[in-house]
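Subject: Structure for you, with notes

Hi,

Here is the structure I promised to pass on. Please have it open while you read the notes underneath.

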Amino acid sequence: MTLPAPFVSSVLDIQADWIDYNGHLNMAYYNVLFDRGGDQLYDLLGIGAEYAQTRRMTIYTAEAHVCYLRELHLGDRVTVTYQLIDCDAKRLRAYQEIRHVDGWVAATSETLSLHVDMNGPKVTPFPPDITERIEAMFVAHSSLPMPERAGRAISIRRK
């Protein structure tokens with residue numbers, strides 16, 4: 001399996017009901033875009049919706065850090081990138097960017113996701129076939145530089 005580094009989603013459109021009273025994309029829908037882009041990657045890895053239905057295992061987001069860099073508006077079209085920056089037997093640490101089709105970055109997100117057995121629910125190791133795919137992606141993505149915004153903490157900078 002050839003895995004792009006980073007993964008880039010198909011083009012996604014901003015929907016009219018996602019626009020808030022300020023005339024731009026409501027902050028919640030940036031996360032929807034990150035989720036939809038991630039779902040495309042999860043399908044490629046075999047851990048998407050079908051995996052949840054047939055194997056009763058899925059991915060839960062445990063933590064997310066979003067940076068809103070530039071407003072999106074109705075009519076804008078974007079892609080979502082996904083870079084796997086760390087993983088272990090049960091977890092994925094990823095960095096994503098929402099990029100306008102013109103190339104500029106609208107938002108970034110760093111997440112820690114857990115592999116969950118839905119029968120518990122409980123965190124559980126990835127099965128061997130999925131581990132193999134994740135490891136292949138990690139190898140492909142390890143050649144990418146660490147994103148500048150990865151590992152950031154929220155703080156107020158003092159002069």
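Below are my notes on backbone geometry, salt bridges, surface charge and a few individual residues.

First, the ground rules. This is a predicted model, so local features need pLDDT of at least 70 and side-chain atom pairs count only at pLDDT 80 or more, while totals for chains, interfaces and linings use all residues. Residues are numbered from 1 along each chain as its sequence is written, and side-chain values use heavy atoms, with hydrogens and water left out.

**Backbone**

Most residues other than glycine have a negative phi, and most peptide bonds are trans. Three places here are worth a look against that background. Ala5 and Pro6 are joined by a cis peptide bond, with omega at about -10 degrees. Pro6 sits in the segment before β1 (7–8); helices (H or I, at least four residues) and strands (E, at least two) are DSSP runs, numbered from the N terminus. A cis peptide bond also links Gly120 to Pro121, where omega is about -15 degrees. Pro121 belongs to the loop between β6 and β7 (122–123).

The third place is Arg56, which is not a glycine yet has a positive phi of about 60 degrees. You will find Arg56 in the loop between α2 (49–55) and β3 (57–68). Its relative accessible area is 35%, so Arg56 counts as partly exposed. On that scale, buried means under 20% relative accessible area, exposed means over 50%, and partly exposed is in between (1.4 Å probe, protein chains only). The areas themselves come from the Shrake-Rupley method with a 1.4 Å probe, and for residues only the protein chains shown count as cover.

**Salt bridges**

A salt bridge here is a side-chain nitrogen of Lys or Arg within 4 Å of a carboxyl oxygen of Asp or Glu. By that rule the count is five, including the three described here:

- Asp13 and Arg77 meet at 2.7 Å, N to O. Asp13 lies in strand β2 (residues 12–13) and Arg77 in strand β4 (residues 77–87), so this pair ties together parts that are 64 residues apart in sequence. Asp13 is partly exposed at 43%, and Arg77 is partly exposed at 39%.
- Arg55 pairs with Asp129, with their closest N and O atoms 2.9 Å apart. Because Arg55 is in helix α2 and Asp129 in helix α3 (residues 128–141), the pair ties together parts that are 74 residues apart in sequence. Arg55 has a relative accessible area of 34%, and Asp129 has one of 32%.
- Arg91 and Asp88 form a salt bridge at 2.4 Å, N to O. Arg91 is partly exposed at 39% relative accessibility, as is Asp88 at 32%.

**Surface charge**

Asp35, Asp39, Asp43 and Glu50 gather in a patch of negative charge on the surface. Patches are made of residues with over 30% relative accessible area and no salt bridge, with like charges joined within 9 Å. Lys and Arg count as positive and Asp and Glu as negative, while His and the chain ends are not counted. The charge is placed at NZ of Lys, CZ of Arg, CG of Asp or CD of Glu. Helix α1 (residues 27–45) supplies the largest share of the patch, three residues. Asp43 is found in that helix.

**Three residues to click on**

Contact means heavy atoms within 4.5 Å, and the lists below do not count residues up to four places away in sequence.

Which residues does Met137 touch? They are Leu3, Leu41, Leu45, Tyr82 and Leu84. Met137 is in helix α3 and is buried, with a relative accessible area of 1%. Its C-alpha atom is 9.1 Å from that of Pro6, although the two are 131 residues apart along the chain.

Phe138 also lies in helix α3, but is partly exposed at 28%. Phe138 touches Leu84, Ile85, Asp86 and Cys87. The C-alpha atoms of Phe138 and Arg55, 83 residues apart along the chain, are separated by 23 Å.

Finally, is Ser113 buried or exposed? Ser113 is buried, with a relative accessible area of 2%. This residue is in strand β6 (residues 105–117), and Ser113 touches Tyr42, Ile59, Tyr60, Thr61, Ala62, Lys90, Arg91 and Leu92.

Happy browsing, and all the best!

Definitions and conventions:
Patch = residues over 30% accessible without salt bridge, like charges linked within 9 Å, V, L, I, M, F, W, Y side chains within 5 Å.
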